[in-house]
Amino acid sequence: MAVTQRRGRRIMMTPDELDEFLTTERTCRVATVSPDGAPHVSTLWFVWDGTSLWLYSVTRSKRWSDLRHDQRIAVVVDTGTGYDELRGVELSGTVEFVGESPRGGEPCPELDAPERLFAQRVFGLDAMPHDGRHAWIRLTPDAVASWDFRKLADL
C-alpha cells in the first residue's frame with residue numbers, strides 16, 4: 001500500500017493511527033464508475049482487517065453492477081464536525097469479489113475473519129447472518145491518503 005500524498009504530510013495519520021481509525025469507524029462512501037463513465041457514490045458499512053477493507057454489498061445494486069464492469073474504486077472514511085476535528089482516509093485500487101455471489105453461507109475460509117469482524121461490529125453477533133442478497137468485495141488499496149486536522153494545533 002503506497003502513501004500517495006505529497007502535501008499534507010504533517011497532518012497525515014501514522015500507520016498505527018490509520019489502523020486504529022479504520023478499525024473503529026464503520027461507515028464509508030464508495031465511488032464507482034458506471035459503464036457510461038458517470039461516477040456513482042454510495043454509503044456502506046465496512047470492516048478493516050489491517051490490510052484490506054471488506055465491503056458487504058447488495059449484489060443487485062448499482063454499485064455491484066458498476067464494479068462488475070470496472071473494478072476500480074475509491075473509498076472515503078471520515079469523521080469530525082468542526083474543522084479542527086476532521087479526520088479521514090481515502091483508499092483506492094481495484095476490488096476483488098470473494099466467495100459466492102450472493103453469499104448464502106457456503107464455507108469460505110478466506111471470509112472467516114471479515115465475517116466474524118462484521119457480524120460482531122454490525123449485528124452484535126458471533127456468526128454472520130446470510131440473507132442471500134449480499135456478497136463480499138475486498139479492497140487491498142494501491143493508494144492511501146489520510147488527514148487528521150487535530151494535528152494542526154501542534155504545527
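Glu100 and Arg103 join their side chains in a salt bridge, with 2.7 Å from N to O. The two partners sit in unlike surroundings: Arg103 is buried at 3% relative accessibility, whereas Glu100 is partly exposed at 25%. Nearby in topic, Glu96, Glu110 and Arg138 are joined into one network by salt bridges that share partners. Do keep in mind that this is a predicted model.

**Salt bridges**

- Ten salt bridges turn up when the whole structure is searched.
- One of them pairs Asp78 with Arg29 through their side chains, at 2.1 Å from N to O. This pair links distant parts of the chain, since Asp78 belongs to strand β5 (residues 72-79) and Arg29 to strand β2 (residues 27-33), 49 residues apart.
- How accessible are the two partners, Asp78 and Arg29? Asp78 has a relative accessible area of 31% and is partly exposed; Arg29, at 34%, is partly exposed.
- Asp70 and Arg72 also meet side chain to side chain in a salt bridge, at 2.6 Å from N to O. Asp70 is buried here, because its relative accessible area of 15% is under the 20% limit.

**Helix α1 and its cover**

- Helix α1 spans residues 15-24, and its buried residues are Leu18, Phe21 and Leu22.
- Viewed down the axis of α1, these buried residues fall within an arc of 90 degrees, so they line one face of the helix.
- An α-helix has 3.6 residues a turn, so residues three or four places apart point the same way.
- Which elements help to cover the buried residues of α1? The cover includes the strands β3 (39-48), β5, β6 (87-98) and β8 (143-148), along with helix α3 (112-123).

**Nonpolar cores**

- The largest nonpolar core holds 23 residues, and Leu22 and Leu55 have the most contacts inside it.
- Two or more residues each come to this core from the helices α1 and α2 (62-69), and from the strands β2, β3, β4 (53-58), β5, β6 and β7 (134-139).
- Leu22 thus appears twice in this picture: as a buried residue of α1 and as a residue with the most contacts in the core, together with Leu55.
- Setting aside neighbours within four places in sequence, Leu55 is in contact with Cys28, Val30, Leu44, Trp45, Phe46, Ile73, Ala135, Trp136 and Ile137.
- Apart from the largest core lies another one, of eleven residues, among them Val47, Phe118, Ala119 and Val122.

Technical notes
Residues are numbered from 1 along each chain as its sequence is written. This is a predicted model: local features need pLDDT of at least 70, side-chain atom pairs count only at pLDDT 80 or more; totals for chains, interfaces and linings use all residues. Side-chain values use heavy atoms; hydrogens and water are left out. A salt bridge is a side-chain nitrogen of Lys or Arg within 4 Å of a carboxyl oxygen of Asp or Glu. Helices (H or I, at least four residues) and strands (E, at least two) are DSSP runs, numbered from the N terminus. Buried means under 20% relative accessible area, exposed over 50%, partly exposed in between (1.4 Å probe, protein chains only). The arc is that of the directions from the helix axis to the C-beta atoms. Contact means heavy atoms within 4.5 Å. A nonpolar core is a set of buried Ala, Val, Leu, Ile, Met, Phe, Trp, Tyr and Cys residues joined through side-chain atoms within 4.5 Å.
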